[in-house]
Amino acid sequence: MTAPIRSTTRIVGLQEKFDQKNQMHTQAAIGGLGEKVKERWTRESIDPFRRIFFPETRAMNVPMRSWYKVADGPLNPNKIEVIDPKHMAKIIKGAARFLGADLVGICELNQAYVYSHTGLRIDFAKGSDGQEINLPHKYAVSLAVAMDYKRMRYAPGWIDNAEVGLGYLNAAKVAVSLAAYIRELGYPARAHFFINEWAQHVPIAEAAGLGELGRLGLLMSREFGPRQRLATVTTDLPLVVDSPVDIGVVKFCKICGKCAQNCPSQAIPHGDKVVVRGVEKWQLDDEACQRFWCSNPKRWNDCARCVTVCPWNRPNVLHHRIGVKTAKYSHHARKILLWLDDVIRGKRPRPVVKWLDYQEGGRRAKSVLDLIRNQAKE
Ligand code: B12
Ligand code: SF4
Ligand code: SF4
């Protein structure tokens with residue numbers, strides 16, 4: 001449990017493992033946040049996209065649900081010999097990109113980021129909660145899949161909720177396929193993705209050099225800011241690891257705070273970092289965030305407004321790349337970038353977005369869901 005070298009998030013004490021059942025999604029589902037939140041969080045969503053991406057009700061309509069069976073599996077007995085772990089790391093990264101990853105990095109698996117016990121909502125449903133997790137793999141391959149800039153623009157609402165669901169599915173596809181590929185080389189590998197994860201993706205991605213931990217509490221990459229979904233493959237395949245990076249995120253977050261200003265539940269801190277389980281970081285009020293998700297099930301099932309408003313969340317075009325690159329080196333450049341973001345997108349950006357027959361950002365959501373509601377009334 002040693003501190004990663006050059007990380008912009010400092011380890012200042014003992015890093016204790018986290019029990020997965022204390023995650024807010026689980027707590028909301030098992031009544032830890034009260035009966036009203038539990039009822040809203042576990043009821044069937046009115047949005048069909050939500051129902052196909054999140055395994056709450058009809059399992060046969062949820063592609064991801066069948067994937068936990070292939071998250072781990074048999075090894076090819078003809079194990080290849082790895083003579084050059086550097087070359088092997090290159091092959092694994094190439095394979096991950098071929099399978100659909102937008103970003104990929106490798107680190108040693110820090111056991112502090114492996115949950116102590118199983119405790120996903122689905123574990124409670126299956127009766128497999130509370131089991132000690134034993135994940136002895138040496139390495140973690142961190143995988144990021146970008147979400148669509150335009151569909152994420154209006155959050156919280158059904159359009160970004162659908163994009164989030166697709167992001168989970170895409171990230172899971174890459175992870176299960178890459179883990180199977182490694183097992184075909186003869187080495188153990190397990191895919192960790194939504195509904196099947198034994199580890200925290202964010203600190204793993206940070207250690208693997210995908211980006212930095214931002215004020216909003218998520219991994220921020222140079223390419224997409226916080227607008228990506230993460231998955232992880234753990235393995236014993238010998239690989240050369242990457243290092244954490246300083247791309248200027250923490251420096252920028254110190255003068256920004258746009259996510260905190262725009263967060264509807266005020267869950268993101270406006271002030272300084274604090275120490276939590278041995279790590280110095282900006283600490284999210286995760287309960288406030290989760291409660292907000294459950295505050296209006298007719299309009300949304302989750303939120304990502306902090307992701308949407310972040311100045312690092314831009315299409316990956318040349319002027320944005322130049323902007324965030326210079327922000328690393330100069331305080332003035334950071335100030336200019338923030339000022340420009342306020343001028344161009346506004347201090348509280350909230351555009352109207354149309355997609356399929358959804359329309360959001362206006363006075364109220366108008367969509368296929370209205371048809372469903374109207375049918376129910378007839
Ligand atoms: C439970 C959960 C939530 C809960 C609690 C969030 C939280 N901070 O714990 C709630 C409902 C609030 C939530 C909200 C969101 N979530 Co969430 N969430 C998770 C989940 C399933 C588990 C996280 C967990 O175990 N938290 C409990 C403890 C560990 O939290 P913590 O002590 O506060 O530590 C957090 C950070 O400080 C950091 N961290 C902890 N230790 C260390 C050490 C170091 C060195 C570093 C660098 C970081 C770090 O990791 C934790 C966050 O993952 C992860 C998936 C996963 N398995 O990683 C996704 C995940 C973190 N969520 C994600 C996202 C995108 C969101 C939302 C935007 C929702 C959405 N619609 O997309 C919001 C954003 C809220 C915010 N500003 O953070 C993504 C993050 C992608 C990214 N770019 O980093 C993840 C990885 C899901 C995924 N597979 O992509 N989420
Ligand atoms: S909105 Fe600003 S403070 Fe928040 S994560 Fe993005 S850059 Fe950092
Ligand atoms: S997801 Fe929404 S409620 Fe949660 S921290 Fe981000 S902006 Fe706030």
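The shell around ligand 2 in this predicted model breaks down into eight nonpolar, two polar and two charged residues. Two other ligands get a look below, followed by a helix pair, a couple of single residues and some backbone oddities.

**Ligand 2**

- Here's who sits around ligand 2: Gly214, Arg215, Leu216, Phe252, Cys253, Cys256, Gly257, Lys258, Cys259, Cys310, Pro311 and Trp312.
- Two elements, helix H8 (249–255) and helix H9 (258–262), give two or more residues each to that shell.

**Ligand 1**

- Ligand 1 has 34 residues around it, and the ones that come nearest are Pro203, Gly217, Leu218, Leu219 and Cys289.
- By class, the shell around ligand 1 splits into 20 nonpolar, eight polar and six charged residues.
- Which elements chip in at least two residues each to the shell around ligand 1? They are helix H1 (24–30), helix H7 (201–207), strand E6 (228–235), strand E8 (279–281), helix H10 (286–293) and helix H11 (305–309).
- H7 gives the most to the shell around ligand 1, at four residues.

**Ligand 3 and helix H10**

- Around ligand 3 you'll find Cys263, Pro264, Ser265, Ala267, Ile268, Cys289, Phe292, Cys303, Ala304, Arg305 and Cys306.
- H10 and H11 are the elements that put two or more residues into the ligand 3 shell.
- The ligand 3 shell has nine nonpolar residues, plus one polar and one charged.
- Cys289 turns up around ligand 3, and it is also among the residues that come nearest to ligand 1.
- In H10, Cys289 is buried, and so are Gln290, Arg291 and Trp293.
- What do the buried residues of H10 pack against? Their partners are H1 and helix H2 (35–42).

**The H12–H13 pair**

- Helix H12 (residues 318–329) and helix H13 (residues 331–345) have axes that come within 6 Å and cross at roughly 140°.
- That angle makes H12 oblique to H13, because only angles over 145 degrees count as roughly antiparallel.
- The crossing of H12 past H13 is left-handed.
- On the H12 side, the contact uses Gly323, Thr326, Ala327 and Tyr329, which meet Ala333, Arg334 and Leu337 in H13.
- Sorted by class, this H12–H13 contact has four nonpolar residues, two polar and one charged.

**Tyr139, a buried strand residue**

- Tyr139 is part of strand E2 (residues 139–146).
- Why does Tyr139 count as buried? There are 24 C-beta neighbours inside 10 Å of Tyr139, and the cut-off for buried is 20 or more.
- Beyond residues up to four places away in sequence, Tyr139 touches Ile106, Glu108, Leu109, Thr234, Thr235, Leu237, Leu239 and Val241.
- Take Thr235 from that set: Tyr139 and Thr235 are 96 residues apart in sequence, yet their C-alpha atoms are 5.4 Å apart in space.

**Ser116, out in a loop**

- Look for Ser116 in the loop between strand E1 (103–108) and helix H5 (121–126).
- Ser116 is partly exposed, because it has 15 other C-beta atoms within 10 Å.
- Setting aside neighbours within four places in sequence, Ser116 is in contact with Lys17, Phe18, Asp19, Glu132 and Ile133.
- Lys69 is 47 residues from Ser116 along the chain, and their C-alpha atoms are separated by 22 Å.

**Backbone oddities**

- As background, most residues other than glycine have a negative phi, and most peptide bonds are trans.
- Ala155 and Pro156 are joined by a cis peptide bond, with omega at about 5°.
- Pro156 itself is in the loop between E2 and helix H6 (158–184).
- Ile195 isn't a glycine, but its phi is positive, near 70°.
- You'll find Ile195 in the loop between strand E3 (189–192) and H7.
- Ile195 is partly exposed, with 18 other C-beta atoms within 10 Å.
- Arg277 isn't a glycine either, and its phi is positive at about 40°.
- The loop between strand E7 (274–276) and E8 holds Arg277.
- With 13 other C-beta atoms within 10 Å, Arg277 is partly exposed.

Terms used
Residues are numbered from 1 along each chain as its sequence is written. Chains are lettered from A and ligands numbered from 1 in the order in which they are written. This is a predicted model: local features need pLDDT of at least 70, side-chain atom pairs count only at pLDDT 80 or more; totals for chains, interfaces and linings use all residues. A residue is near a molecule or strand if its C-beta atom, placed from the backbone, lies within 6 Å of it. Ala, Val, Leu, Ile, Met, Phe, Trp, Tyr, Cys and Pro count as nonpolar, Asp, Glu, Lys and Arg as charged, and the others, Gly among them, as polar. Axes are lines fitted to C-alpha atoms, for helices over the stretch in contact, and angles run from 0 to 180 degrees between N-to-C directions. Angles under 35 degrees count as roughly parallel, over 145 as roughly antiparallel, 65 to 115 as roughly perpendicular and the rest as oblique. A crossing is left-handed if the near helix is turned anticlockwise from the far one by less than a right angle, and right-handed if clockwise. Two residues are in contact if their C-beta atoms, placed from the backbone, lie within 7 Å. A residue is buried if 20 or more other C-beta atoms lie within 10 Å of its own, exposed if 12 or fewer, and partly exposed in between; C-beta atoms are placed from the backbone.
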